[in-house]
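Thanks for coming. I have one structure today, and I will go through it piece by piece. Please have a look at it first.

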Amino acid sequence: MSEILKTVSKNGKTLSIRKTALSERENILSLQREVVNAIANKEWFVEITADEITESADMDFIIGAYDGDRLVAFSLTVLNRDCDRSVGKKYGFDPEKCATFDSVFVHPEYRGFGLQQAFIELAKQKARENGATSLWATVSPYNIYSHRNCEQRGFYCYKCNEYLYGGRLRDVLVLEIRPDFT
Ligand SMILES: CC(C)(COP(=O)(O)OP(=O)(O)OC[C@H]1O[C@@H](n2cnc3c(N)ncnc32)[C@H](O)[C@@H]1OP(=O)(O)O)[C@@H](O)C(=O)NCCC(=O)NCCS
């Protein structure tokens, strides 16, 4: 079991956030299926693929929140490297400086622990350590939960109302990472 990066608590229950291993890929996909089944508006979320998890387990930052041994939330950040999954690159920035907060999902029973914001903070920390100067994300303008969390952690809208991922409406958000501030 990997080291605990952070813990979050609510109503006397504590969850631990740890790096997730490739061996947990089926659990990640199964959690994603449960989350997708419960999403009110399917347009809000683009599923990650098994291949993306495999690639990112090796090259990026994949973390999960655990209730004991049970994976209850997951986040994938594509680190600052030259690849097609870099959102900053799509907008003309140097991909070696741009990390991408690519996916996040929380089991409906575990909403409200502030997990998305905890994941963003850990992604920002990791991206900074890796030499990134910005963290990018795309969020549906109607996904008020995710939008609010991103804004509260310092993301702002770089381009609003873009059509991405085969015609889905998205706000392109960026968070500037300053190496001299925490
Ligand atoms: C977006 C998401 C990750 C936020 O989860 P989270 O970090 O647990 O949310 P928060 O801790 O900010 O929750 C704050 C409040 O909003 C509620 N909330 C959060 N997401 C909600 C949702 N999708 N539907 C209804 N209520 C929701 C929580 O229950 C909590 O309510 P409370 O204050 O009464 O306890 C989660 O809703 C989710 O997995 N959504 C589906 C996938 C998705 O949209 N991913 C982001 C794509 S950009």
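K126 touches F61 and T77, leaving aside residues up to four places away in sequence; two residues are in contact if their C-beta atoms, placed from the backbone, lie within 7 Å. The C-alpha atoms of K126 and T77 are 9.2 Å apart, although 49 residues separate the two along the chain.

Before I go on, this is a predicted model: local features need pLDDT of at least 70, side-chain atom pairs count only at pLDDT 80 or more, and totals for chains, interfaces and linings use all residues. Residue numbers start from 1 along each chain as its sequence is written.

Is K126 buried or exposed? It counts as partly exposed, because it has 19 C-beta neighbours inside 10 Å. The cut-offs are 20 or more other C-beta atoms within 10 Å of its own for buried, 12 or fewer for exposed, and partly exposed in between, again with C-beta atoms placed from the backbone.

K126 sits in helix 4. Helices here are DSSP runs of H or I with at least four residues, strands are runs of E with at least two, and both are numbered from the N terminus. Helix 4 lies across strand 1, strand 2, strand 3, strand 4 (70-78), strand 5, strand 6 and strand 8, and runs at about 155 degrees to strand 5. For such angles, axes are lines fitted to C-alpha atoms, for helices over the stretch in contact, and the range is 0 to 180 degrees between N-to-C directions.

Now the sheet. It is open, with eight strands in the order 1-2-3-4-5-6-8-7 and mixed pairing; two strands pair if DSSP finds at least two bridges between them. Strand 1 (4-10) and strand 7 are at the edges with a single partner strand each, so one side of each has no neighbour in the sheet. On average, neighbouring strands of this sheet are turned by 25 degrees against each other, direction ignored.

Strand 8 (residues 168-176) runs antiparallel to strand 6 (residues 134-139), joined by six bridges, and V139 stands opposite D171. Six bridges also join strand 8 to strand 7 (residues 156-164), again antiparallel, with Y163 opposite L169. In the hairpin of strand 7 and strand 8, three residues lie between the strands, and Y165 takes a positive phi near 50 degrees.

Last, the ligand. Helix 4 (115-129) returns here: along with strand 5 (98-106) and helix 5 (144-152), it supplies at least two residues of the shell around the ligand.
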